[in-house]
Each structure stands twice: as C-alpha cells, then as structure tokens.
Amino acid sequence: MGLLPTGLHSIKMALPIEDIWEFVSKVENWAPLVPGYINHTVLNENQVTWKFKGDLGLMKKKIELIVDIIEWKGPSKVTFDLTGLNEPFTGSGYFLAEAIDPRNTKMTGFLDITASGLKAPIANPLLKTFVPQMAEDLAEAIASELKKKH
C-alpha cells in the first residue's frame with residue numbers, strides 16, 4: 001500500500017457499457033449510495049456537495065465535501081476532485097467502465113483522499129483503512145443498484 005490513502009475496486013457486470021453509463025452519468029443516481037450518506041446538493045452539472053457520516057474507527061464525524069467533476073467522458077469515465085468543506089482534506093477519483101464484450105462491462109472505482117492540517121498525522125493512517133473500504137462499498141452499491149434496474 002502506498003503512502004497516500006487510496007482505494008481501487010473493480011467489478012465485472014453482465015450489462016452493456018451504455019446501461020452503466022446511463023446510470024453513473026447522473027450523480028443523483030449514485031450519490032445516495034455512499035456509505036453513511038446524509039444528503040447531497042447538485043450545484044450545477046459539474047459540482048455537487050455531499051454530506052455523509054464517516055466512520056474512521058477512532059473518529060466518527062459528519063463529513064461535508066464538494067465534488068468537482070473534471071471530465072465526463074462517456075460512456076467510459078468520470079473524473080473528479082474532492083475538497084473538504086468542514087475538514088481540511090483533498091482528494092480525487094474516477095469511475096471507469098470498460099466494455100469486455102457487447103454484454104459485459106468491467107467497472108472500476110478509484111478514490112484518493114488525504115487529510116491536511118493538525119489532525120493529518122492521526123487522520124491519514126485511519127483514512128488508509130477507510131478510503132479502500134469506501135471505494136469498495138460504493139462500487140458494490142452501484143453494481144447492486146444496476147442489477148435491480150436491469
């Protein structure tokens with residue numbers, strides 16, 4: 001595992017890439033699937049604020065962040081940056097869909113979050129466990145939701 005708290009999780013889905021893109025290209029479809037979700041607000045097509053309860057083991061807190069979508073590259077990739085609104089942290093991530101064949105797609109979620117400020121020496125080691133779990137939980141929740149819809 002690297003120095004920074006990162007998470008990468010892939011899932012193979014028996015769905016065409018277009019069906020997956022249709023779902024993930026609308027933030028409101030998957031924003032509520034984040035573990036600990038409280039609410040989200042779509043500011044515009046490239047910005048969303050998100051509130052969720054983060055359970056970092058020793059630290060449980062409400063986390064508010066802003067998601068800046070850097071690129072919508074349909075039907076395969078959404079790239080974004082994260083900035084903490086109530087805690088000093090930054091991050092980035094992407095959601096990638098790769099067609100295996102016309103009926104099967106590999107979905108990959110990547111997340112990287114780093115704390116700064118006075119709590120960084122405590123928060124970053126906790127984030128090394130939390131971030132991979134969050135990436136996995138979100139990818140699995142999106143897959144589960146897609147299975148229900150198709």
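Tutor: Helices and strands are here DSSP runs, of at least four residues for a helix and at least two for a strand, numbered from the N terminus. The model we are reading is a predicted one.

Student: Which pattern does the chain follow when read along the sequence?
Tutor: The secondary structure comes to three helices and seven strands. Taken in sequence order, these elements give the pattern β-α-α-β-β-β-β-β-β-α.

Student: What radius of gyration does the chain have, against that of a compact globule?
Tutor: The C-alpha atoms fill a box of roughly 50 × 35 × 25 Å along the principal axes. For 150 residues a compact globule would have a radius of gyration near 15 Å, and the chain agrees with this, its own value being 15 Å.

Student: How much of the chain counts as buried?
Tutor: The chain exposes about 8100 Å², of which carbon and sulfur atoms supply 56%. A residue is called buried when its relative accessible area is under 20%, and of the 150 residues the share that counts as buried is 42%.

Student: On helix α1, which residues are exposed on the side away from the buried ones?
Tutor: Helix α1 covers residues 17-24, and in it I17, I20, W21, F23 and V24 are buried. These cover an arc of only 160 degrees around the axis, so they sit on the same side of α1. The exposed residues on the other side are E18 and E22.

Student: Which element gives the most to the largest nonpolar core?
Tutor: Nonpolar side chains tend to be buried together in soluble globular proteins. In this chain the largest nonpolar core has 44 residues, and those with the most contacts inside it are W30, M107 and I142. The element that gives the most to this core, with 13 residues, is α3.

Student: Which residues is W30 in contact with, leaving aside its neighbours within four places in sequence?
Tutor: W30 is among the residues with the most contacts inside the largest core, and F23 and V24 are among the buried residues of α1. With close sequence neighbours set aside, the contacts of W30 are F23, V24, W50, L138 and I142.

Student: How many residues apart in sequence are the parts that K61 and E87 tie together?
Tutor: The side chains of K61 and E87 meet in a salt bridge, at 2.8 Å from N to O. K61 lies in strand β4 (residues 60-73), whereas E87 lies in the loop between β5 (77-84) and β6 (89-101), so the pair ties together parts whose separation in sequence is 26 residues.

Student: Is E87 buried or exposed?
Tutor: Its partner K61 has 24% relative accessibility and counts as partly exposed. E87 has 17%, and since buried means under 20%, E87 counts as buried.

Student: Which residues are linked in a network of salt bridges?
Tutor: E145 meets K148 at 3.4 Å from N to O, and the pair, three residues apart in helix α3 (residues 120-149), is separated by about one helical turn. E145 also meets K149, at 4.0 Å, and these two lie four residues apart in α3, again about one turn. Residues three or four places apart on an α-helix point the same way, because the helix has 3.6 residues a turn. The network thus links E145, K148 and K149.

Student: How many salt bridges does the count come to?
Tutor: One salt bridge joins K61 and E87, another E145 and K148, and a further one K149 and E145. The count comes to three.

Definitions and conventions
Residues numbered from 1 in each chain as written. Predicted model: local features only at pLDDT ≥ 70, side-chain atom pairs only at ≥ 80, totals over all residues. Heavy atoms only, no water. Buried < 20%, exposed > 50% of the residue type's maximum accessible area, 1.4 Å probe, protein only. Arc of directions from axis to C-beta. Rg over C-alpha atoms; globule rule 2.2 N^0.38 Å. Areas by Shrake-Rupley, 256 points an atom, 1.4 Å probe, with all protein chains shown as cover. Core = buried A, V, L, I, M, F, W, Y, C linked by side-chain atoms within 4.5 Å. Contact = heavy atoms within 4.5 Å.
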